[in-house]
Amino acid sequence: MDLSSIRKLITRYCTGEESWVDSRTVYIGHKEPPPGTEAYIPQRFPDNRIVSSKYTFWNFIPKNLFEQFRRIANFYFLIIFLVQLIIDTPTSPTTSGLPLFFVITVTAIKQGYEDWIRHKADNSINQCPVHIIQHGKVVRKQSQKLRVGDIVQVKENETFPCDLILLSTSREDGTCFVTTASLDGESSHKTYYAVQDTKAFNTAEEVDTLHATIECEQPQPDLYKFVGRINIYLDRDEPIARPLGSENLLLRGATLKNTEYIHAVAIYTGMETKMALNYQSKSQKRSAVEKSMNAYLIVYLCILISKALINTVLKYAWQANPNRDEPWYNQKTETERQRHVLIRAFTDFLAFMVLFNYIIPVSMYVTVEMQKFLGSYFILWDDDMFDEELGEGPLVNTSDLNEELGQVEYVFTDKTGTLTENNMELRECCVDGHVYVPHAICNGQILPGAAGMDMIDSSPGIDGKEREELFFRALCLCHTVQVKEEETVDGIKRGIHQGKSTSFYISSSPDEVALVEGMKRLGFTYLRLKDSHMEILNREDEMERFELLEVLTFDSVRRRMSVIVRSSSGDYYLFCKGADSSIFPRVVSGKVEQVRARVEHNAVEGLRTLCVAYKKLTREEYEETCHLLNSAKLALQERDRKLAEAYDVIEKDFILLGATAVEDRLQDKAADTIESLHKAGMKVWVLTGDKMETAAATCYASKLFHRNTQILELTTKRTEEQSLHDVLFDLSRTVLRHHGSMTRDTFSGLSGDCQDYGLIIDGATLSAVLKPIQDGTSNGGNYKEIFLEICRNCSAVLCCRMAPLQKAQIVKLIKASKEHPITLAIGDGANDVSMILEAHVGIGIMGKEGRQAARNSDYAITKFKHLKKMLLVHGHYYYIRIAELVQYFFYKNVCFIFPQFLYQFFCGFSQQPLYDTAYLTLYNISFTSLPILLYSLMEQHINMDILKRDPTLYRDIAKNSLLRWPTFIYWTFLGVFDAVVFFFGAFFLFDNTTFTSNGQLMATNTQMMFGNWTFGTLVFTVLVFTVTLKLALDTHYWTWINHFVIWGSLLFYVIFSLLWGGIIWPFLNYQRMYYVFMQMLSSGPAWLSIILLIIVSLLPDVVKKVLCRALWPTTTERIQNADKLYKGHLSEFTPLSSLHAPPARKHDRHGNENQNHTHRRSDSSPPKKLMCTYWGGRPDYCTFSSFLRIGENPRFSGAAYAYSTPGPETSV
C-alpha cells in the first residue's frame, strides 16, 4: 500500500465521511428512509454556532502578547528592558520598561475591547431563539443548538438562522420574498421557490409527516451556486426526484419579507454556511508612511549599533594604558574585573546599547496610533459630508490608513450606483422602428401630473398594432417582478398615486421595475402571479392570463433571460430579453437594422439598452424543451454547464420585436469630482459590468473622457479582426509616438502639449491579456507589461463587461507594477467588495445596493462627490501632519541622545549618563509629546477652501514626497547640528573652573557649581526649549489650544525641575539633582547662554526656509505667502493657478522658443480688466484669470503678483 492510500484512509477515519466525499445526504426531520430504498448513513455535522472572535478568556494574555511582540519595535524594546534587568547598566530598567508597559497595555486594552464586542455579537446571534418542528409541534430553541436536518419555521421579517432548503410557504404558489442585503449587498426583494411536491405541506403537523432526503454538494462559498436533489418518499416504492438549485436555497443572514411564514430544512449550519465561508479576513493594509517609519527605524538601529560599537572599542583603547582603569564610580567588583575580556566587552556593548537606545522613539508608535485614532473623528464630524436624504454621515472602519488618502495615484470606481444614482427611468422603447417615449416614470414611482405618453414619430399603423401589443405583452411577462398590494413595505410608504393606495412592483433588478412601470403607462398593466398564471390588464381593461411554464433565469454569461408561457388560447410563446450582443445573433427575422440603429443611438446617449424577441413553440417543441431542461436540472455534476447548453439550444431562431432604453442618471457633482481628481494628478479608471457604449457615454458625461480625447479600443471586436499581439503593439506604438519619454505628470491630462488618450477594454480581452503565454512563438510576449505601458500613457481607462474578480485583478495588476502606485477603489455593491479589499484604500458608498461594500471598506461615504473633500482636504492634511510627526520624532531624539554620545569622550567611556533618570523617562512621555500630538491633529498649512479650489496642490505631496530620504537626512543632520551646539555650547561655559573652599568646582565665567548633573541639566534645558520652539516655528495654524500646549509644556518642564530638585524626596535613595536646577537659574550668564544656544540652534533651519521661500518657492509656499498677504482671506475670484510656478518655456532643437499659438494671446490684445475687492477696509486687486502682471514681465512673479499663462478674456 503506497503512502497516498494510507493518507486517504487516515483522513477518512479521522475527519469523517463528509470531509472527503463530493456530496452529503440530509435526512429531513432526522427520519430514516423507508426500508429497502437506500442505506441510512448518519453523518457528523457541526453545530450552528458562529465564532468571529479572536481570543478567549484563557488565551487572551499569551496570544495578545505574542502578537504584539511580533512587531519589531516592541520586541526590540523588550530585549533592551531585559538587558537592563540582567546586567549592570547605566540607566534604570524603569526608563525602558515604563514606556513599553504603557504601549503594550494600551494596545491590549484596545484589542481586548474590540474582541469583547465581537463576543457579544456572537452570543447575541448564537443565543437568539429559533422555531423548530418536532413531533408535529413548534418548539423554541437557541440558534446554536440547531442541527442539520431540523425543520425550521421562519416568520416575516425574521432572519434565517442557517442555510435552508425551502419546503413550503404561506403563499399558495409556494414562493417567498427575501432580501439579501447583509450577504451580497442587494437590498431589493428576491423571489425563492418551494419544491413543487412539498409546497402543499403548510402546517407543522403536515410538514412533520414529510418523508424525504436531500442530496447536495458539500459547503462552498459561492453565494449564487447550489446543486442538489430531493428524493420524496410517498406510498410508492421509488422516490420522486426533484432538482434543487440556488432558487430553493435560503441563505443565513437573509431576511424573509412580505411572506407570513415558511417551512424549510437546515442543510448547512454554523461555520459551514455560505455566509461564514465568505468571511474574508481583511489583509493588514500598511500605509506608505508606516513603511517609511520602519525603514527609518532600521537606519537608526544601525546608527545605534554603530555608536555602541565605537564606544566599546574606544573604551578598551582608552583603558589599554595601565594608568587608566575602570572609573571608581562604576563600582565594579573584583570578580567583574577579572572576567574574560570578550565577556566584558560584550557586556559593555550591551550597556552602551541601553544608554543610547533612546534614539529609537518608542513613544512615536503610541503617538502615531493616537493621532490616527483621534484624527479620524475629523471625517466623522465633517458636516459637508453628511447626507440629509439618508440621514447619515461618513464612516471610518479603520484609522490606520488616514494618511494614505493623501497619497492616492490611481482611483478605481464602479459606475452603476457610484458614478450614477442607480435610479432607473424608462426613457423610450422602440417597436419595429417606431419610438415611444413614456415620461415621468422613475424607479417604479408614477409622478403626479403625468397624463399619457408622447410619440416622436408616426403611428405604426394597423398592421403594426399586433406587433406593438406583442412587444408590450413580452415586457409584462418576461421578468421576475413581484407585486406588492399593501401601502407600506419595511415601514416606507410606496405606490401612492393621487392620494390612493395602489399596488407597486418589487424586484431584484431596478431595470425590470422601470420596464414594467413603463408598460403600465403604455396601457399594459402587470397584475400578479397567481397559481402559476401571470395576469395582465390590456388597453381595453380586459384581463389576460398566461400560464408560466418555465423561467430561463438571467446570468452574466448569457446576458439574457427568457420565459415560456401558454396563452388562454393554448399557444406557446418563448419571450426573451437581453443585451443586444446576445439577442441580435439569435434573430432570424424582424426589423433588425432599424432597431440596431436606435440601440446604438441610445447607447451613445448613455442609456441602458435591452432588446426583446420572441418565438412561437409547437406542443412538440415545448415538450422537447421541457425534457431538455429537466434532464439538465436533475444533474448533480456539471449542472451549470448542462443548463447553459440547454439554454443555448432553446434560445435561438427569434423574431425581433424591439428594444428599450433606461436611463441611470449621474450623481450630483460626479463630473466635477472626477475633473478635480484628474487635476490632482490621479488616474481614474471606471470598472463596470455594463456594455461598452453605455459605459463610454457615462464616461463622457462625467468628464472622464473629453471630446478631444482619442479613444483606444482593446475589445473583443477588434481582437477578432487582428490578433491580440498586433492590437497591443499597434496601441503601444500609437501612444509612445506622441508621448515618447514624457513623465507621468506630463501627460496627466492637464498638459495641452500632448494628445489626450483614453483606453477602453472589455472583460474577455482583459482575460486574454492576463493569461500567461504558453507557447514560445515570436508572438509570445509579456502582454501585461505592454498593457501597463499603454495604460500609463492614457489619462483615463474604461473597463467594461467586468466580472467582480476581474475588478480585483485589475487593481492587483496596477499595485504590482514597477512604480508601485497607491490605489483607491470605490464602489457601492457586493460586486465591488473584491476590488475594495484589494486596493490600498477601499471606500464604500452607502447606496441602494445594500451595505456590503460599506462594511468591507476602510471608509464609507454617502455620495461619490464626497470623495473630493476626503482626498483633497482630509487626505492632504493627514499626510502633512503625520509626515511632520515622524520626522520631528526622529529629529528630537537625535537632539536628545547625540550629546550623550559626545559626553562619553569626556568621561572615559564609562557609560555615565548625561541626564538624570527622570529626564530620560519623561522626555518623550511628558515634556515633548503633547505639542507634536496637537500639531498632528490640528495643523492646516493651507486653508481648507484653497485645497478644494486648487486640486493641483495635491501633487506637492504625491509619491510620499515629505518622507523621502533627502528630507529624512536633512532632519537627521539638523538634529546632529543642534546636539553639537547644545553640548559644546554648554561645555565652553564651564571651560574655566576653580575649586571652592569646600572642595567643589565652580565655573569662573558663570559662577555656577560645576558638575555632571549641572552640565547635563543645562544641555537638557536648551534641548527641551529648542525642539519645542522648532515645532512652534513650523506651525502655520495657531489656535489657543496650540499656545496653551506649547507654552504649557515648557512651563511644565520648569515647574517639574524646580520641584524635582527643590525638595528632599523620602522615597529616593539618592538626591543627585537636589538644588541643581535652581542654582543653575540663579546665574545670569547661564540665562544668556541658554537663550544664545537656542537662537544658534534654530538659526540654520530658519535661514534655509527663508532662502528657499524667496528663491525656490513651491506652489504651497506661494499660496501661503499670498494667503498671508490677504490675511487669510484669499478671494474666491482669485485664480490659484496664477500662484503656481511659471511653466518652463520650451525650445525647439534650434534653440528657438516654442510658442503655443493655441493658448497664447497676441501682443495686441487689450489689457485685462481688474476687479477691486475689499477686506477689512483696504482694497486689493486681482484679475479673473491671472494676477496683475506688471508690464507683462514674468520677472515680477512673487506672492502677490505671480506669473501665469494667459487665459481667455473675462469681462467684469
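## Exercises: cavities and a sheet

Strand S7 (186-193), strand S27 (525-530) and strand S29 (543-552) each give at least two residues to the lining of the second largest cavity. Strands (E, at least two residues) and helices (H or I, at least four) are DSSP runs, numbered from the N terminus. This is a predicted model, where local features need pLDDT of at least 70, side-chain atom pairs count only at pLDDT 80 or more, and totals for chains, interfaces and linings use all residues. Residues are numbered from 1 along each chain as its sequence is written, and side-chain values use heavy atoms, with hydrogens and water left out.

**Exercise 1.** Describe the second largest cavity.

*Solution.*
- Start with the term: on a 1 Å grid over the protein atoms alone, a cavity is a set of points where a 1.4 Å probe fits but cannot get out, and lining residues have an atom within 4 Å of a point.
- Next, the volume: about 90 Å³. A volume is the space filled by probe spheres set on the points, which are joined across faces, edges and corners.
- Then the lining: of its 13 residues, Tyr193, His479, Thr480, Gln482 and Leu548 are closest to the centre.
- Last, the character: nine are nonpolar, four polar and no residue is charged. Ala, Val, Leu, Ile, Met, Phe, Trp, Tyr, Cys and Pro count as nonpolar, Asp, Glu, Lys and Arg as charged, and the others, Gly among them, as polar.

**Exercise 2.** Place the largest cavity among the domains.

*Solution.*
- The structure holds seven cavities of 30 Å³ or more. The largest has a volume of about 130 Å³.
- Its lining has 15 residues, with Thr95, Pro99, Tyr358, Val362 and Asn924 nearest the centre.
- Helix H4 (94-126), helix H11 (362-375) and helix H29 (917-927) give two or more residues each. H29 gives the most, four.
- Domain 1 (49-125) and domain 5 (878-994 + 1011-1098) both give lining residues, so the cavity lies between them. Domain bounds come from an automatic or database domain assignment.

**Exercise 3.** Find the edges of the nine-strand open sheet.

*Solution.*
- Read the order: S14-S41-S40-S39-S15-S35-S38-S37-S36, with mixed pairing. Two strands pair if DSSP finds at least two bridges between them.
- Strand S14 (395-396) and strand S36 (710-714) each have a single partner strand, so one side of each is left without a neighbour in the sheet.
- Check S36: five bridges join it to strand S37 (757-762), and the two run parallel. Leucine 712 stands opposite leucine 759 in S37.

Conventions. 1 Å grid on protein atoms, 1.4 Å probe; cavity = no way out; pocket = protein on both sides within 12 Å on 5 of 7 lines; lining within 4 Å.
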